[in-house]
Every structure is written in structure tokens, then in C-alpha cells.
Amino acid sequence: MATTAELFEEPFVADEYIERLVWRTPGGGSRGGPEAFDPKRLLEEFVNHIQELQIMDERIQRKVEKLEQQCQKEAKEFAKKVQELQKSNQVAFQHFQELDEHISYVATKVCHLGDQLEGVNTPRQRAVEAQKLMKYFNEFLDGELKSDVFTNSEKIKEAADIIQKLHLIAQELPFDRFSEVKSKIASKYHDLECQLIQEFIQNVFEVKLQSFVKDQLEECRKSDAEQYLKNLYDLYTRTTNLSSKLMEFNLGTDKQTFLSKLIKSIFISYLENYIEVETGYLKSRSAMILQRYYDSKNHQKRSIGTGGIQDLKERIRQRTNLPLGPSIDTHGETFLSQEVVVNLLQETKQAFERCHRLSDPSDLPRNAFRIFTILVEFLCIEHIDYALETGLAGIPSSDSRNANLYFLDVVQQANTIFHLFDKQFNDHLMPLISSSPKLSECLQKKKEIIEQMEMKLDTGIDRTLNCMIGQMKHILAAEQKKTDFKPEDENNVLIQYTNACVKVCAYVRKQVEKIKNSMDGKNVDTVLMELGVRFHRLIYEHLQQYSYSCMGGMLAICDVAEYRKCAKDFKIPLVLQLFDTLHALCNLLVVAPDNLKQVCSGEQLANLDKSILHSFVQLRADYRSARLARHFS
């Protein structure tokens, strides 16, 4: 049977079971094995094994029946126990209901008893309180307050409760008999009311607020000036707003002075040196903004000299318009940044706002002026003036070839910055100093700064115009040929105007457009007029260098006509008039000798000096002929 049990393996498969049985039976192997196949022996083994399986089946069946009987018995016992537990639960629930009803009954009795006790105690308490009030009322009748509750300042709250009740009682009494005592009670009532109110504001300001302010400011007072100033401004603003709201209540006749003293007691240690912290922070912050900008440009800021030598150089430059020192290649960089300017103005704006709020009224103009001087130092001098000096140093000499003129970009950005600077001056500084002597001082300082910078702008623009004229000279020298106006073959001239004229006009139009984009208002007309006059002088002197045949003179007239068309873009009447006159002068190069006097007496040439007319006639190739000299003499 043990052998039979070993043959059962999970999972059970009949074919595999037979195979294992055959494999274990001697003579049951396949042919060619260690023992020959013996069918009889294998059959005998199968019969015996079947008998063993039948015996095993009977045993298992008996065991199953026994287990089923045991399971049924235990199920009946469990069901009986469940029934018993249900009965016990019902009994317990009934007891709980009885107990709940009993508790409710007792609670009702207790509440009733409490009501009875209260009904007895309340009249007694009222009688005791009435007795005390009568005692205090008698003190007011006698005119002498002896009770500790009125003489001890620490019992002000108890006194306030008593006086409020006496005040209500006194209002019901007839005035003719109790006028004096009613007046005393009312007076004491108002005194205690004022004391309580003052005690509440003092507790709020000197304990709560002062502690909160100290926690907020002391932590960052030495480590973070920016956060310290922001917190101080915020806390002071919120405290003054609280004071304004408290002013709406009845705090006595001198409430404004009282509240002002409380606020001052909280912030006095912070406001005494406020402007020192403000100016120190503003200087360091402004310096950091500028340095961060120059670092982003990989630029090492040059030192701009001050004092006698620099002043002497400036005067020489203003009078001679000569570049003093080597020219610096700025690679098109203006070293002016609107972002930097906006940051500086924003920092200064916040400083002005804090100054307005935190400064004593008597110190406000002086403090505002100190902030303004810092703005002037870092915005106007360290940034704008430095950019102007660098721009001036970057202007090439007038004889440089292919010079890049970036100073007009400096002019354009400087004009924009001036507008922003002027707007902040009017919007944020003027309201703080408008009624003080500092107003004239600020206006004078602003005037000096603007005049100084305008002088440098004028110098830079003048030198830039010289460079433009120098560029035109290089173009004319390189492109204009003597044969242009005295061609070898008079009958084979195919061009309408010379190549030099084309290139000069293209260059001039480009510079005119740049000037219009770089300036505004009357400045545009002023600079364009100056450029136009110099442009005319250049062309006038240039034409004086050549001798003209008849066809060459016609070509010169065509060139001047093109120059005049270019001059129209200036939209300056004087410049156009100069080129009109020059065009009329060029007619002297081609007019017939017999008509020279008639042309010279024409409307455009009649007012010119005779030497000018003569100088143009002398440029004609046929001037030396006796006939021409005779007609012009």
C-alpha cells in the first residue's frame, strides 16, 4: 500500500500513473532492457495493484463518512451557542433601556432642583449687588470716594463696571434733587472711559505693535538693508493707517497728538538714522546695477579725469573741436542702457516714496535732495556722462576713411534718458521740495547737469558732422576724375551725372535719415541745417578745383541738380536756397559768352559778389579767349 501511495503525485495523470507502475514492475520494461518483457508477470502485478486500490478506496470512504458526521455534530453545537448569545443580547438591551430611562428621570429632577436653587440665589445676588451700588452711590452723595475700587488704579476694570451701572441708575433720578451727584457720576464715568481707552491703545502700540516691529526690523537691520527699508516702510505705513482709523473713534480732545506720540515712541530709534541707511543702500545698489551692466558687456570702465587738466582739455575741445587723446573703437556700443536707467529710476522712486513717508516734515526737503544727488551721481555722471565721454573718444578724426559713426546712437539714447530723468524729477522730487528753499537748489543742479551734457552732445555732433564731410571728401577724391568735366570726346558723353555724385548723394541720404531718427524737435532742423551748409560748402569748393568744357559744364549742372534733389530731403529752406544758387552759378559754365552779363544779372545771381561770379567763369576751358574775357569784364 505504501508503494501504491507513492505512485500518486499531484497533478494526477492516469497515463503517467500506469507508466510509473510498469516501470517499477520487474519484467515490465521495453525490449532491449536489462530484463526481458514478461506479460504474465505484468498482468499479475496489475491485478494485485487493483486490489490494493480497492482496499485504499474503502479506507478513504470510511474516513470521509466519519469526518462528515463530526462536521454535522459541530454545526449543531455552534447553532445552539448562537441562539444562546442572541437571548443574552436581548436581555442586555432590555437592561440598557431601563437604565436610560432612569438616567433621564434623574436628570430631569436635577434640572428642576437647579432651577429652584437659581430662583432662590438670583434675588439674593441682586440684593447684594444693589447693596454695594447703594454704598458706592452714598460715597458720591458724600462727595468723597473711599472705596478701594475707586482709589486703586489696578482695579480700573471693576471700577468701570460699577460706574457704568451707577451712570444708568443716575439717568433715572430726578435732576432737581440729584443734579450734583449725577454730575459727579458722569464726570467719573468719562474719566474712567478715557483711561480705559488710553490703556487699550498703549497696550496695542507699546506692547503688541512695538514687539512685532522689533521682531520684523532687528533681524534684517544689519544684514539686509533692502529688506530692512521695505519692512520699515511697510510697518510704518500700516501703523499710520491704523492710527487714522482709530481717529474715527472718540479718544478725547487731544487724540491726534496722543496717537502721534505713540507712533513716534515705536519708530523713533529707526527713524533717527533712516536717511543714512537709505542713502547708503541707494549708493551701493546703484553701483551694483552699473557694474553688473558693464560686466555683461565685458567692459572695464575707463577713468575719466577730473580737475584742472580735464577742465582745460574740455575748454580746448569746445573751442577747437579737436579730439584730445587717442580715438577709442567702441565697436558700435553706446554704453547706454534703458534697462539700467529704468532700474536706477525705479530704485530712486522707491527711495523718494520711503523718504516722503519716513522723514520728519522739517527734514523732508533736505533728505529728498540727498537722494536726488545720488541719482545725479550714478545716472547722469557715472552712466550718461561716461557714455558721452566714451562716445566722444570713439569719434574718429575727420580724415579717417570708412569711419563708423556711432555717436548719433548715443545722442538718440541720451535724449530718451533725459526725458525719463526729467519726468521723475517733476513727478516724484518736485512734490517733496516745492515749498522749500531746496527747490531752487535742485533746479540749479538739474540745469547745470543738462547744460554740461548738452555741451558734450553738441561737441560730439559737431565732430560727427566733420567726419561726415570728411567721408564725402574721400568719396569725391576717389571717384571724381578731371576727365569727368573735360571729356576727350565731347560728342560721346553717355552718363547723366558722375559716379562721385551718385555715391555722395547715397551717403548723404543715409546720414540725413540717421539724424532724423536720432533726434527730435528743433534739434533735427538745427543739425540738418548745419550739415546742409557744410555739404554745400564742400560741393562748392570741390567744383572750384576743375576746368570745364561745354559738355563737362553740362555734366556739372546735372551733378548739382542731383545734389539739390538730395538737399530737398533736408527740408531746410536755407540749404535748398544755397543749392539753388549753386545750380545757377553752374549755368555760367555753359552759357554763351554773349549772354554772360544777362545771366549774372538774373534774380538768383544778382545779389552775389562779383568775385564769386568771376571765379566760376574762370573755370570755363574757353575763359582765356579774348572774346569771353571781354564780355565778362
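A pocket is an open set of grid points, on a 1 Å grid over the protein atoms alone, with protein on both sides within 12 Å along at least five of seven lines. Keep that in mind as you work through this predicted model.

**Exercise 1. Describe the overall make-up of the protein.**

Step 1: Begin with the secondary structure. The protein has 21 helices and zero strands.

Step 2: Turn to burial, where buried means under 20% relative accessible area. Of the 633 residues, 36% count as buried.

Step 3: Now look at the contacts with a separation of 6 or more. Residues 24 or more positions apart make up 76% of them.

**Exercise 2. Find out what form the annotated stretch 50-88 takes.**

Step 1: Check the record. An unreviewed UniProt entry lists residues 50-88 as "coiled-coil region".

Step 2: Compare this with the model. The span is 100% helix and 0% strand, and its end C-alpha atoms lie 58 Å apart.

**Exercise 3. Locate the second largest pocket and say what lines it.**

Step 1: Start with its volume, which is about 510 Å³.

Step 2: Pick out the lining. It consists of 21 residues, and E454, L457, D458, I461 and N523 lie nearest the pocket's centre.

Step 3: Assign the lining to elements. Two or more residues come from each of α13 (407-433), α14 (438-479) and α16 (522-543). The largest share, eight residues, belongs to α14.

Step 4: Sort the lining by chemistry. Ten residues are nonpolar, four are polar and seven are charged.

Step 5: Place the pocket. Domain 2 (277-302 + 334-472) and domain 3 (485-631) both contribute lining residues, so the second largest pocket lies between them.

Terms used: Residues numbered from 1 in each chain as written. Predicted model: local features only at pLDDT ≥ 70, side-chain atom pairs only at ≥ 80, totals over all residues. Heavy atoms only, no water. UniProt positions renumbered as here; feature names shortened; annotations may be inferred. Helix = DSSP H or I, 4+ residues; strand = E, 2+ residues; numbered from the N terminus. 1 Å grid on protein atoms, 1.4 Å probe; cavity = no way out; pocket = protein on both sides within 12 Å on 5 of 7 lines; lining within 4 Å. Points joined across faces, edges and corners; volume = space filled by probe spheres on them. Nonpolar A, V, L, I, M, F, W, Y, C, P; charged D, E, K, R; others polar. Domains from an automatic or database assignment. Buried < 20%, exposed > 50% of the residue type's maximum accessible area, 1.4 Å probe, protein only. Contact = heavy atoms within 4.5 Å.
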